[in-house]
Amino acid sequence: MTDQTSFDTATRIVAGDDGTTYDGIAIALHWLTAVLVIANFALAQTWDWFARPTKGLMEDTHMSFGVLLAVVIVARIIWRWLPWHQVSAIEAGWMRIASKATHYLLYLMLVAEASLGFAFRWGAGRPMAFFGTGIPPLIGEMSRPLRRELREFHEWIGWAIIILALVHAAAALYHHYVLKDRVLTRMLPSGARGA
């Protein structure tokens with residue numbers, strides 16, 4: 001590790017990275033992703049229960065959280081691939097392959113989900129809501145059938161993300177309670193690791 005730069009060292013120190021557990025920034029981005037995904041899924045599943053003013057507010061909140069989620073996903077990908085921020089895998093063999101495949105599939109689906117959300121909103125010629133402001137369309141208008149198809153894909157990928165995230169969480173709990181290894185605790189905030 002002699003080729004480690006001062007930038008790499010500085011980011012490790014700032015992040016609280018000791019190389020054996022995930023650093024504070026990676027942990028914060030992981031849990032922020034989880035909260036935003038769950039909140040957006042819950043909003044999308046329940047806004048039809050409400051009258052128009054409330055439904056509109058819930059849809060705008062969903063879009064705002066979606067914009068935040070897109071930023072968090074980009075930050076996670078950049079942070080993950082910065083040198084010296086990778087943590088050695090505890091798993092071996094097929095578990096390691098399954099873990100990596102699950103993570104990459106989740107990243108891919110999150111990127112697709114955010115992209116589709118922007119595409120069908122902007123494809124209608126409407127700005128993306130962001131906490132009372134609007135992000136103007138960066139693409140041209142699309143036909144209504146294409147927008148409907150993109151929205152449908154967006155909904156299906158949302159369900160797929162939730163299902164895969166539940167499998168991911170179940171695997172982490174299996175590691176913690178059955179295998180009794182550190183897979184789960186390495187992603188917990190430092191105050192919760194002793195619990």
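**Note on salt bridges, cores and a pocket**

1. Arg52 is exposed in this structure, its relative accessible area being 54%, a value that places it over the 50% cut-off used for that class. The coordinates come from a predicted model, and the points below should be read with that in mind.

2. What does the side chain of Arg52 meet in a salt bridge? The partner is Glu59, with an N to O distance of 3.5 Å. Glu59 has a relative accessibility of 16% and therefore counts as buried, the limit for that class being under 20%. This salt bridge accordingly joins an exposed arginine to a buried glutamate.

3. How many salt bridges does the rule give in total? The count comes to three. Besides the pair just described, Lys55 forms a salt bridge with Asp48, and their closest N and O atoms lie 2.9 Å apart. Asp48 has a relative accessible area of 55%, so it is classed as exposed.

4. Glu155 and Arg151 also form a salt bridge, with 3.7 Å between the closest N and O atoms. Both residues lie in helix H5, where they are four residues apart, or about one turn of the helix. Glu155 is partly exposed, at a relative accessible area of 46%, and Arg151 is partly exposed as well, at 34%.

5. As to the overall arrangement, the chain contains five helices and two strands, which follow one another along the sequence in the pattern α-α-α-α-β-β-α. Of its 195 residues, 37% count as buried. Among the contacts between residues at least 6 apart in sequence, 67% join residues that are at least 24 apart. The chain exposes about 11800 Å², and carbon and sulfur atoms supply 69% of that area.

6. In soluble globular proteins, nonpolar side chains tend to be buried together. Here the largest nonpolar core has 21 residues, of which Val37, Leu69, Met109, Leu110 and Ile161 touch the most other members. The elements that give two or more residues to this core are helix H2 (24-46), helix H3 (52-81), helix H4 (93-122) and helix H5 (144-179). Which of these gives the most to the core? That element is H4, with six residues.

7. Val37 illustrates how this core is connected, since leaving aside residues up to four places away in sequence, Val37 touches Leu69, Leu110, Ile161 and Ile162. A second core, separate from the largest one, is made up of eight residues, and Ala70, Phe118, Met128 and Ala129 are among them.

8. The second largest pocket has a volume of about 960 Å³ and is lined by 37 residues. Which of the lining residues lie nearest its centre? They are Trp47, His62, Phe120, Arg151 and His154. The elements that give two or more residues to the lining of this pocket are H2, H3, H4 and H5, and the largest share of the lining, eleven residues, comes from H5.

9. Arg151 links two of the points made above: Arg151 is one of the residues nearest the centre of the second largest pocket, and it is also the partner of Glu155 in a salt bridge. Helix H5 likewise recurs, since it contains both Glu155 and Arg151, is among the elements that give two or more residues to the largest nonpolar core, and supplies eleven residues to the lining of the second largest pocket.

Notes: Residues are numbered from 1 along each chain as its sequence is written. This is a predicted model: local features need pLDDT of at least 70, side-chain atom pairs count only at pLDDT 80 or more; totals for chains, interfaces and linings use all residues. Side-chain values use heavy atoms; hydrogens and water are left out. A nonpolar core is a set of buried Ala, Val, Leu, Ile, Met, Phe, Trp, Tyr and Cys residues joined through side-chain atoms within 4.5 Å. Buried means under 20% relative accessible area, exposed over 50%, partly exposed in between (1.4 Å probe, protein chains only). Contact means heavy atoms within 4.5 Å. A salt bridge is a side-chain nitrogen of Lys or Arg within 4 Å of a carboxyl oxygen of Asp or Glu. Accessible areas come from the Shrake-Rupley method with a 1.4 Å probe; for residues, only the protein chains shown count as cover. On a 1 Å grid over the protein atoms alone, a cavity is a set of points where a 1.4 Å probe fits but cannot get out, and a pocket is an open set with protein on both sides within 12 Å along at least five of seven lines; lining residues have an atom within 4 Å of a point. Grid points are joined across faces, edges and corners, and a volume is the space filled by probe spheres set on the points.
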